[in-house]
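Biologist: Please take a close look at a single part of this model, the meeting of its domains, and go on to whatever lies beside it in your description. A connected account would suit me better than a list.

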Amino acid sequence: AAPGPRSYTTLRDEAVKLFNSLQQLESERDPVPLMQGVLQTCLDLPPLVDEIYCQLVKQTTEPPAPGGQGDLHYWQLLTCMSCTFLPSPPVLRFLHFHLDRTESRFPASEMAKYASFIREALGKTKGRECVPSLEEILVLMRRQEMVCTVHCPGAPACSVAISSHTTAEEVAQELVSRLGLSQSPNLFALYEQSRRREQPVGNTTLLADVLTRFE
């Protein structure tokens with residue numbers, strides 16, 4: 001199930017808990033649920049976003065085993081963070097310096113590939129309503145896109161590749177083009193349907209947030 005409402009203590013206590021989660025991340029065999037938990041806490045407690053960014057930069061600077069599994073887990077969480085939250089301007093400058101330094105020191109490495117992906121994501125991220133789904137985290141760990149299936153009335157279901165930044169309007173426009181309806185005078189929109197309700201998806205809504213709600 002997707003993360004639900006949580007009860008929190010003080011920011012200081014929650015920061016300590018997140019730090020302990022980051023320490024555990026290094027040796028976690030299945031890091032995805034732990035990553036989602038960190039992201040959920042940051043979504044619920046925005047003042048901790050900068051703290052986690054700084055901690056992840058620290059953990060990926062001079063790691064004991066550059067490119068090892070533990071190091072890459074930190075880079076993967078940093079990737080998920082970059083597709084979910086924007087840090088404050090000072091932390092963003094610090095982060096860009098770290099990304100540039102990593103690409104310079106470890107060219108063509110997995111760390112450099114994550115650094116490049118993160119830089120591009122930061123240029124597109126505007127904030128999320130939901131944390132990434134478990135599926136989204138898995139594809140972000142591989143620096144890939146998700147596949148979203150859209151059911152179209154009177155036509156076969158269409159599979160559309162989306163990123164963490166793809167909006168409902170962008171998907172609707174792609175489907176209109178695929179179905180040869182570009183000259184149609186009708187308006188087209190995506191609808192979100194569950195067992196309890198059916199409602200239109202706002203043009204600027206991120207499809208990744210809709211998928212998290214389905215999860």
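Modeller: A salt bridge here is a side-chain nitrogen of Lys or Arg within 4 Å of a carboxyl oxygen of Asp or Glu. By that criterion, 2 salt bridges are counted between domain 1 and domain 2. The model is predicted, and the chain is split into domain 1, residues 11–141, and domain 2, residues 146–214. In one salt bridge, the side chains of D209 and R128 meet at 2.7 Å, N to O. D209 falls within the range of α9 (207–214), and R128 falls within that of domain 1.

The C-alpha centres of the two domains are 29 Å apart. Contact involves 15 residues of domain 1 and 9 residues of domain 2. Together the domains bury about 970 Å² between them, with 55% of that area on carbon and sulfur atoms. On the domain 1 side, R128, E129 and C130 lose the most area to domain 2, together 39% of what that side buries. R128 thus appears both in this group and in the salt bridge with D209.

Helix α9 also leads to the largest pocket, where it gives the most to the lining, with 4 residues. Other elements that supply at least two lining residues each are β1 (146–150), α8 (168–178) and β3 (191–193). The largest pocket holds about 590 Å³ of space. Its lining has 21 residues, and V150, H151, A189, L190 and Y191 lie nearest the centre. By class, the lining has 18 nonpolar residues, 3 polar and no charged.

Terms used. Residues numbered from 1 in each chain as written. Predicted model: local features only at pLDDT ≥ 70, side-chain atom pairs only at ≥ 80, totals over all residues. Heavy atoms only, no water. 1 Å grid on protein atoms, 1.4 Å probe; cavity = no way out; pocket = protein on both sides within 12 Å on 5 of 7 lines; lining within 4 Å. Points joined across faces, edges and corners; volume = space filled by probe spheres on them. Nonpolar A, V, L, I, M, F, W, Y, C, P; charged D, E, K, R; others polar. Domains from an automatic or database assignment. Contact = heavy atoms within 4.5 Å. Buried area = accessible area lost by both parts, 1.4 Å probe.
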